[in-house]
Amino acid sequence: MINFIIRRLLHTIPLFFMISIVVFAIISLPPGDYLTVRVAELERQGNQNAEQQLQGLRRRYGLDQPIYVQYWLWISNFVQGDFGESFDYNRPVAELIGDYIFLTVVLSVATLLFSWLVAIPIGVYSATHQYSLGDQFFSLLSFIGLGTPGFLLALILMVISVYVFGSPIGGLFSADMESQPWSLAKVLDLLQHLWLPIILIGISGTAELVRIMRGNLLDILGQQYVQSARGRGLAEHKVIWKHAVRMAINPLISLIGLQFPSIISGSIIISIVLGLPTTGPFLLRALRAQDMYFAGSFLMLLSLMLIVGNFLADLALAWVDPRISYE
Amino acid sequence: MLEQAKSEAIGQNLVGADEPSPVPDIGEDLTLEEWARLSQWQLIWLRFKRSRPAVIGGTLVILFYLGALFADFAAPYQLDTRFTQSLYAPPNPPRFIDAAGEFHLRPFIYEQKQTINRETLEISFELDTSVRYPIYLFARGDPYKLWSLFPADRHLFGVEAEVPFFLLGSDRQGRDLLSRCLFGARISLTVGLLGVFIGILLGSVLGVISGYYGGLVDDMMQRFSELLLSIPHIPLWMALAAILPVTWSPIRVYFGITIILSLLSWGSLARQVRGKTLALREEAYTLAARAAGASDWWIISRHLLPNNLSHIIVIATLSIPYMILGETALSFLGLGIRPPMTSWGVLLEEAQNVKTIIFYPWLIIPAVLVILIVLGFNFLGDGLRDAADPYSK
């Protein structure tokens with residue numbers, strides 16, 4: 001098991017570096033050296049020290065040096081927690097990004113938990129009561145859920161909520177709680193507002209899980225050992241939950257790794273539509289303003305989130321199915 | 001034994017429930033001989049027809065594409081015909097029963113007159129029930145050139161009068177939403193096609209090569225596609241789209257977006273094709289071909305690729321909605337297709353803020369269209385997958 005962990009870690013590190021190259025390429029693509037633009041802008045605003053301030057930056061990022069040097073400086077700064085300077089906000093990125101990334105992580109993990117907690121019971125019910133009214137209803141719901149992208153649903157929901165509730169929905173905190181330091185009250189407030197984004201982001205993942213769970217369980221319920229367990233007089237709910245569902249869940253665990261990217265992507269768009277203080281709106285703003293260090297840091301951290309998520313999913317898979325750890 | 005042979009010849013299976021039917025269940029009454037003569041594609045078609053959601057999905061998709069193709073004809077107005085007296089007009093549905101309670105066979109509309117409240121300066125629309133404007137099929141309307149080639153002036157339906165007919169309402173500049181949706185469909189529905197085509201080309205060729213040769217080539221490909229899967233797609237698209245220079249013309253932006261969307265899609269296709277190739281590579285006919293001296297390229301192109309084909313088509317069909325959503329998302333955020341080119345995402349961008357949605361909710365209709373086409377493609381793709389490879393369930 002330890003071997004497996006070490007192997008996965010060794011696998012992850014080159015991946016991280018390759019991603020950093022891609023992200024750095026994206027950061028460097030927009031033409032022009034913003035520092036010259038910045039100097040001109042600051043001097044126009046009357047800041048005479050602009051040139052000196054930016055000399056520091058120039059040295060830090062080696063903007064007058066060949067590109068591989070620039071890359072090396074950037075990445076070595078990055079892993080030490082220096083994410084660069086935001087040209088839009090004029091502050092170090094690390095100061096700004098913390099809260100947003102944290103909330104994004106919270107949102108993504110909560111969505112993952114939600115989709116599993118909802119999908120498994122529904123899937124089991126659908127399989128055990130196949131073709132019943134409930135099954136057909138859930139099947140229809142999951143078909144629609146699969147096809148409907150979250151952000152469009154968010155738009156439609158906003159329209160509906162205006163007509164039903166009289167005011168648009170949105171935001172992760174109530175207006176007064178937003179700027180307060182973290183406290184129990186704030187956490188509760190967060191939970192209250194969290195359910196809507198979670199549903200919107202998680203709906204397609206949940207729908208997929210339900211369908212797969214139902215299919216797997218149906219296969220398993222037709223197997224011999226289930227029949228023998230019943231034949232021996234085991235209570236039905238034990239047959240289903242203790243034996244069948246445990247087998248059916250195995251393949252699903254490998255799905256976690258695949259679900260995570262779409263949850264993160266979904267959270268980005270939905271947070272833009274709903275105006276949540278997570279990664280989405282700020283990434284968009286950074287991209288629009290060509291604030292490339294800010295945007296690039298977002299990309300790196302999101303990818304890092306994904307890599308960590310995949311790694312944990314692999315661990316979970318190996319724990320459930322020890323055969324994996326021998327690969 | 002004799003019974004069995006006789007019943008098989010008649011095409012009925014009277015003997016033995018444990019004996020698998022010689023004519024697999026494809027919902028048709030065929031004899032064994034007729035079934036054996038069908039080509040693979042005919043079999044797939046017959047199996048496909050059985051699934052009602054798939055057929056509905058397919059019909060929906062075809063309808064949408066026809067609408068986009070014939071947008072000049074189907075839409076009552078051009079892409080940017082403006083009615084400056086009717087900004088933000090609500091949808092004006094056709095009626096059968098007029099204000100006096102009389103029923104008319106031909107549907108008609110009433111004119112929506114813009115009225116400005118003197119005190120609050122609020123603009124509202126009132127129906128002028130004095131004049132009925134009947135709706136005609138193949139009505140004469142604004143002249144246009146179908147596909148910029150064939151001049152014509154008949155539209156699918158219309159009101160042959162100067163009164164604007166907004167079936168789905170109008171937008172900020174008084175342009176008919178239905179017409180804009182139909183023209184926007186051209187962009188929305190084709191960005192995906194080109195992108196998927198490129199994706200399939202790359203994905204299937206690279207997947208087969210990687211699966212067939214194995215070893216180092218396979219390893220590198222795996223690493224590379226894992227890389228693509230490790231960066232969340234939407235942020236990456238956003239970043240790449242934001243980099244497209246502002247000075248590019250809308251057409252170049254269109255192709256740029258297409259390429260960006262396809263860049264990330266070929267990874268998963270390549271993986272699946274590779275998986276299937278790994279299995280097929282050990283089949284008897286591959287070994288036989290190699291023993292007969294066939295070159296690697298021959299085996300790949302003549303045996304492995306065609307056997308993957310049905311799988312590839314299914315994946316392509318399921319990737320198109322992904323692309324459509326990607327383009328819609330990007331344009332919705334302002335990073336995608338640039339005006340004056342219009343797509344459903346661009347239409348939604350104009351409806352983005354809350355105030356607009358509160359007062360003019362019909363501007364959300366392009367979202368419903370996107371949902372419908374995505375559902376249609378999903379049903380179609382599911383049906384194709386079940387039809388092409390029924391053992392994959």
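**Exercise 1. The hairpins of chain B**

Task: In the hairpin of β1(B) and β2(B), find how many residues lie between the strands and which residue takes a positive phi. Then follow the strand pairing through β3(B) and β4(B).

Solution, for this predicted model:

1. Five residues separate β1(B) from β2(B) in their hairpin, and B:G101 has the positive phi there, near 90°.
2. Strand β1 covers residues 95-97 of chain B and is joined to β2(B) by two bridges, the two strands running antiparallel. B:I97 stands opposite B:F103 of β2(B).
3. Strand β2 (residues 103-116) of chain B also runs antiparallel to strand β3 (residues 123-146), with nine bridges joining them. Among the pairs, B:T115 has B:S124 as its bridge partner, and B:Q112 has B:L127.
4. The hairpin of β2(B) and β3(B) has six residues between its strands, and B:L121 takes a positive phi near 60° in this hairpin.
5. Eight bridges link β3(B) to strand β4 (residues 150-159) of chain B, again antiparallel. Here B:A139 stands opposite B:H155.
6. Three residues lie between β3(B) and β4(B), and B:W147 in that turn has a positive phi of about 55°.

**Exercise 2. Two positive phi values outside the turns listed above**

Task: Where do B:Y88 and B:F138 lie? Is each buried, partly exposed or exposed, and why?

Solution:

1. Most residues other than glycine have a negative phi.
2. B:Y88 has a positive phi near 50°. B:F138 also has a positive value, near 55°.
3. B:Y88 sits in the loop between α5 (71-74) and β1 of chain B, whereas B:F138 belongs to strand β3 of chain B.
4. B:Y88 counts as partly exposed because it has 18 C-beta neighbours inside 10 Å, and a buried residue needs 20 or more.
5. B:F138 has 11 other C-beta atoms within 10 Å and is therefore exposed, the limit for that class being 12 or fewer.

**Exercise 3. Helix spans**

Task: Compare the end-to-end span of α10 (residues 236-274) of chain A with that of a straight helix, and do likewise for α7(B).

Solution:

1. α10(A) has 39 residues, for which a straight helix at 1.5 Å a residue would span 57 Å. Its end C-alpha atoms are only 45 Å apart.
2. Look next for a bend: α10(A) bends by about 40° at A:V245.
3. After α10(A) comes A:G275, with a positive phi near 70°.
4. For α7(B), the 16 residues should span 22 Å at 1.5 Å a residue, and the distance between the end C-alpha atoms is 22 Å, so the two agree.
5. The buried residues of α7(B) include B:M221, B:S225 and B:S230. An α-helix has 3.6 residues a turn, so residues three or four places apart point the same way.
6. The buried residues of α7(B) pack against α6 (177-213) and α9 (250-280) of chain B, and also against α1 (2-28) and α12 (292-320) of chain A.

**Exercise 4. The side of chain B that touches chain A**

Task: How many residues of each chain are in contact, which helix of chain B gives the most, and what kinds of residue are present on its side?

Solution:

1. The contact involves 30 residues of chain B and 37 residues of chain A.
2. On the chain B side, at least two residues come from each of α7 (215-230), α8 (233-243), α11 (296-332), α13 (354-359) and α14 (365-388).
3. α8(B) gives the most, with nine residues.
4. By kind, this side of chain B holds 26 nonpolar residues, three polar and one charged.

**Exercise 5. The chains as wholes**

Task: Describe the make-up of chain A and chain B, then set the radius of gyration of chain B beside that of a compact globule.

Solution:

1. Chain A contains twelve helices and two strands. Its order from the N terminus is α-α-α-α-β-β-α-α-α-α-α-α-α-α.
2. Chain B contains 14 helices and four strands.
3. Of the 327 residues in chain A, 35% are buried; for the 393 residues of chain B the figure is 38%.
4. Among contacts in chain A between residues at least 6 apart in sequence, 69% join residues at least 24 apart. In chain B, residues 24 or more positions apart account for 68% of the contacts with a separation of 6 or more.
5. A compact globule of 393 residues would have a radius of gyration near 21 Å, while chain B has 27 Å.
6. Along the principal axes, the C-alpha atoms of chain B fill a box of roughly 90 × 60 × 40 Å.

Notes
Residues are numbered from 1 along each chain as its sequence is written. Chains are lettered from A and ligands numbered from 1 in the order in which they are written. This is a predicted model: local features need pLDDT of at least 70, side-chain atom pairs count only at pLDDT 80 or more; totals for chains, interfaces and linings use all residues. The expected span of a helix is 1.5 Å times one less than its number of residues. The bend at a residue is the angle between axes fitted to the seven residues ending there and the seven starting there. Two residues are in contact if their C-beta atoms, placed from the backbone, lie within 7 Å. Ala, Val, Leu, Ile, Met, Phe, Trp, Tyr, Cys and Pro count as nonpolar, Asp, Glu, Lys and Arg as charged, and the others, Gly among them, as polar. Two strands pair if DSSP finds at least two bridges between them. The radius of gyration is taken over C-alpha atoms; the globule rule is 2.2 Å times the number of residues to the power 0.38.
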